[in-house]
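Let's take a walk through this model together, moving from one spot to the next. Have the sequence and the coordinates open as you read.

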Amino acid sequence: MKYEERHENVLEAAIKLFNNKGYAGITTASIAKKAGVVGKTMFNRYADNQALFDACVGVREKMLGDYKRSGMRFTIFSAIKGKRSLFR
């Protein structure tokens, strides 16, 4: 698995876990397990859960910005119906 692919898997796993269990309900080990990577892979890029959470927020902000720039009228419901849901 390539570096960027591992990074995407980590972010996707973290977003799902943060959404389902909240910030305090997860550990970096649980994110690594869900992403199919070893903990070292995560710590190479993120110092701690807060850094990873901040990256997840950044991904969502970028998705919202892309959605707005597309010219489509934004509502939470239209985002959820979209191909790449904001809250998977």
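H7 sits in helix 1, which covers residues 3-21. This is a predicted model, so keep the confidence values, which come up further on, in mind. Is H7 buried or exposed? Its relative accessible area is 13%, and because the cut-off for buried is under 20%, H7 counts as buried. If you set aside the neighbours within four places in sequence, H7 is in contact with R45 and Y46. With R45 there is also a polar contact between the two side chains, at 3.5 Å.

From here, let's turn to the aromatic rings. The structure holds three aromatic pairs. One of them joins F18 and F53: the ring centres are 5.0 Å apart and the planes stand at 90 degrees, so this pair is edge-to-face. Where do the two partners lie? F18 belongs to helix 1 and F53 to helix 4 (residues 49-69), so the pair ties together parts of the chain that are 35 residues apart in sequence. The surroundings of the two rings can be told apart by their accessibility: F18, at 9% relative accessibility, counts as buried, whereas F53, at 29%, counts as partly exposed.

F53 has another ring partner in Y23. Their pair is edge-to-face as well, with 5.5 Å from centre to centre and 80 degrees between the planes. This pair, too, links distant parts of the chain, since Y23 is in the loop between helix 1 and helix 2 while F53 is in helix 4, 30 residues apart. Y23 has a relative accessible area of 37% and is therefore partly exposed. Put together, ring pairs link F18, Y23 and F53 into a cluster.

Next, have a look at a glycine. G36 is found in the loop between helix 2 (28-35) and helix 3 (39-45). Its relative accessibility is 55%, so G36 counts as exposed. Measure of separation depends on how you count here: G36 and A13 are 23 residues apart in sequence, and their C-alpha atoms are 9.1 Å apart in space.

Finally, how confident is the predictor, and where? The chain averages a pLDDT of 78, and 77% of the residues score at least 70. Among the elements of the chain, helix 2 has the highest mean pLDDT, at 91, and helix 5 (residues 76-81) the lowest, at 47. Over residues 76-88 the pLDDT is below 50, and beyond near neighbours in sequence this stretch has 23 contacts in the model.

How values were computed:
Residues numbered from 1 in each chain as written. Heavy atoms only, no water. Helix = DSSP H or I, 4+ residues; strand = E, 2+ residues; numbered from the N terminus. Buried < 20%, exposed > 50% of the residue type's maximum accessible area, 1.4 Å probe, protein only. pLDDT = per-residue confidence, 0-100. Contact = heavy atoms within 4.5 Å. Polar contact = N/O pair within 3.5 Å; in protein donor to acceptor, adjacent residues only side chain to side chain. Phe/Tyr/Trp six-rings, centres within 6.5 Å; stacked < 30°, edge-to-face > 60°.
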